[in-house]
Structures are given as structure tokens and as C-alpha cells.
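Me: I'd like to go through this one slowly and ask why things are called what they're called. Can you take me through it?

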Amino acid sequence: MLLLELDTKLISLSKELLEQFIDYFNLELTFDERLFYFYYVVSLQLYLFYVEIYPEKLMLTPIAIPDTLTNDDYISSISREIKKFCQQFLQTTAFKKEFTFDSHLAPIAHSMFYFLLEFKHSFKLKIYIQYSKKNYGEELIESKIFQLFSREHLDVTSKISEADFIISDSYETNHYDTPLFYIEDIFNPQIWKVLIDKIQQLLFLKSFNK
């Protein structure tokens with residue numbers, strides 16, 4: 001709280017940077033989350049002021065973490081949007097100060113923005129269930145799934161076109177190239193084990209892709 005009340009160039013720039021970041025990415029933050037984000041933004045500015053990095057070069061450097069140097073569409077799209085945001089911020093901010101440039105610290109800004117976006121990244125795996133062999137089959141499958149998984153990241157949809165995953169007792173159900181799990185016997189524990197493993201795998205992948 002005391003940081004927010006300080007009237008210094010560093011704090012003013014951090015406030016400006018955070019507000020533009022929130023607006024650009026349409027983030028909905030609680031007061032506590034804003035303080036959490038502000039801490040990291042101020043930390044970035046401390047690097048800029050006291051480690052003497054030229055901010056424009058630092059902020060426009062692409063993510064340089066080996067684990068993120070992939071062709072993954074989600075990561076690539078985040079990297080592009082972060083770069084656009086940095087360009088926009090540097091064009092609009094009144095803060096103009098020259099720094100020497102230390103390339104080994106160049107990924108700091110991009111990495112921080114990537115972390116802050118991932119911190120608020122929400123996702124849901126949408127499942128379509130179709131079971132015709134028993135009139136209560138669909139309800140039983142749904143009930144069992146939510147005994148094991150939270151509704152926070154999992155949803156059952158009535159529209160097959162919106163589904164990320166299809167559970168069905170018919171191979172003819174899928175006309176959308178959506179992953180399909182064929183379930184013949186809803187009382188077979190071995191079939192359920194394979195199904196649960198598949199849902200876990202899809203949730204894991206979904207957590208890295210919007």
C-alpha cells in the first residue's frame with residue numbers, strides 16, 4: 001500500500017504501465033491481484049533504473065526462455081501480443097530516459113508479462129456426451145465425471161459443434177474432427193480408467209491453449 005502512495009518517477013511509471021497492461025489485455029483483477037501485479041511491475045522498473053537497461057530494447061526483445069521457443073500457437077500469440085503492447089506503451093508514455101543496454105537481462109520484461117498473463121489464464125474443456133444404450137447413461141457419465149473433476153475447468157455442452165471432446169457409444173456421432181472416446185460399457189472400471197486418463201491429458205493440454 002505504501003508503494004502506491006509514493007510520488008516518484010518509478011512509481012508513476014509503474015502505475016502507468018500496469019494500467020495500460022490491464023486495459024490492453026482486458027484483465028479483470030481484484031484489489032489484491034492488482035497489488036500482486038504492481039509488485040512485479042515495480043520490480044521490473046527497479047531493474048530498469050538500477051541495473052541500467054535501456055527499456056525500449058529490453059521491452060521489445062522476444063521471449064528468450066528455451067521452454068517457450070516453440071511453434072506452439074498459444075505461446076506464439078502471447079509473445080506477439082506482448083510485443084505489440086510494449087510498442088504501444090513506449091509510443092504513448094511520457095517516460096523518456098536513456099539507459100545502457102545489457103543484453104543478458106533482455107528477457108526480463110517479456111518473461112514478466114508472460115507470467116502475469118498466465119497467472120490469469122482461465123480455461124474450460126467442453127465435453128459433449130451421447131449415450132443411447134441406456135436412458136440414464138448420459139446423466140450417469142456426467143455425474144461420474146464431476147465426482148472426479150472440478151467444474152471450474154470442465155463443462156458439459158449440449159452442442160457437439162462447441163465440444164473439445166466427445167464421449168459417445170457411436171462412432172458416427174463425430175463429424176467435426178473432435179477427439180472422440182468410444183464408451184460401450186459405462187459400468188466397466190477399466191474403460192473409465194482410460195477415459196479419466198484421457199480427460200486429464202486434454203485438461204493439461206487445454207491449460208496451455210485457450
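Reply: Here are some questions and answers about the helices, the sheet and one loop residue.

Reply: This is a predicted model, where local features need pLDDT of at least 70 and side-chain atom pairs count only at pLDDT 80 or more, while totals for chains, interfaces and linings use all residues. Residues are numbered from 1 along each chain as its sequence is written, and side-chain values use heavy atoms, with hydrogens and water left out.

Me: What makes up the protein, in helices and strands?

Reply: There are eight helices and four strands. Helices are DSSP runs of H or I with at least four residues, strands are runs of E with at least two, and both are numbered from the N terminus. Going from the N terminus, the order is α-α-α-α-α-α-β-α-β-β-β-α.

Me: How do you know which strands sit at the edges of the sheet?

Reply: Look at the order: the four strands form an open sheet, S2-S1-S3-S4, with parallel pairing. S2 and S4 each have a single partner strand, so one side of each is left without a neighbour in the sheet. From one strand to the next, the twist averages 25°.

Me: What makes S1 and S2 count as paired?

Reply: Two strands pair if DSSP finds at least two bridges between them. S1 (residues 125–130) and S2 (residues 154–156) have three bridges, in the parallel sense, so they pass. One of the matches is Ile127, whose bridge partner in S2 is Val156.

Me: And how many bridges join S1 to S3, and S3 to S4?

Reply: S1 and S3 run parallel and are joined by four bridges. Tyr128 stands opposite Ile166 there, and Ile129 stands opposite Ile167. S3 and S4 also run parallel, with three bridges, and Ser168 faces Tyr182 in S4.

Me: Which way do the residues of S3 point?

Reply: Phe165 and Ile167 point one way, Ile166 and Ser168 the other, and all are buried. In a regular strand the side chains alternate between the two faces of the sheet.

Me: Why is Thr178 called buried?

Reply: Buried means under 20% relative accessible area, exposed means over 50%, and partly exposed is in between (1.4 Å probe, protein chains only). Thr178 comes out at 10%, so it counts as buried. Thr178 is in the loop between strand S3 (165–168) and strand S4 (180–182). Leaving aside residues up to four places away in sequence, Thr178 touches Ala163, Asp164, Phe165 and Ile166, where contact means heavy atoms within 4.5 Å.

Me: What makes S1 mostly covered?

Reply: Five of the six residues of S1 are buried. Over the 210 residues of the protein, 42% count as buried.

Me: Why is H7 called oblique to H8?

Reply: Helix H7 (residues 137–148) and helix H8 (residues 189–206) pack at about 60°, with axes 12 Å apart. Angles under 35 degrees count as roughly parallel, over 145 as roughly antiparallel, 65 to 115 as roughly perpendicular and the rest as oblique. The angle falls in that last group, so H7 is oblique to H8. As for the axes, they are lines fitted to C-alpha atoms, for helices over the stretch in contact, and angles run from 0 to 180 degrees between N-to-C directions.

Me: Which residues make the contact between H7 and H8?

Reply: H7 gives Leu140, Ile141, Lys144, Ile145 and Leu148, and H8 gives Trp192, Ile196 and Ile199.
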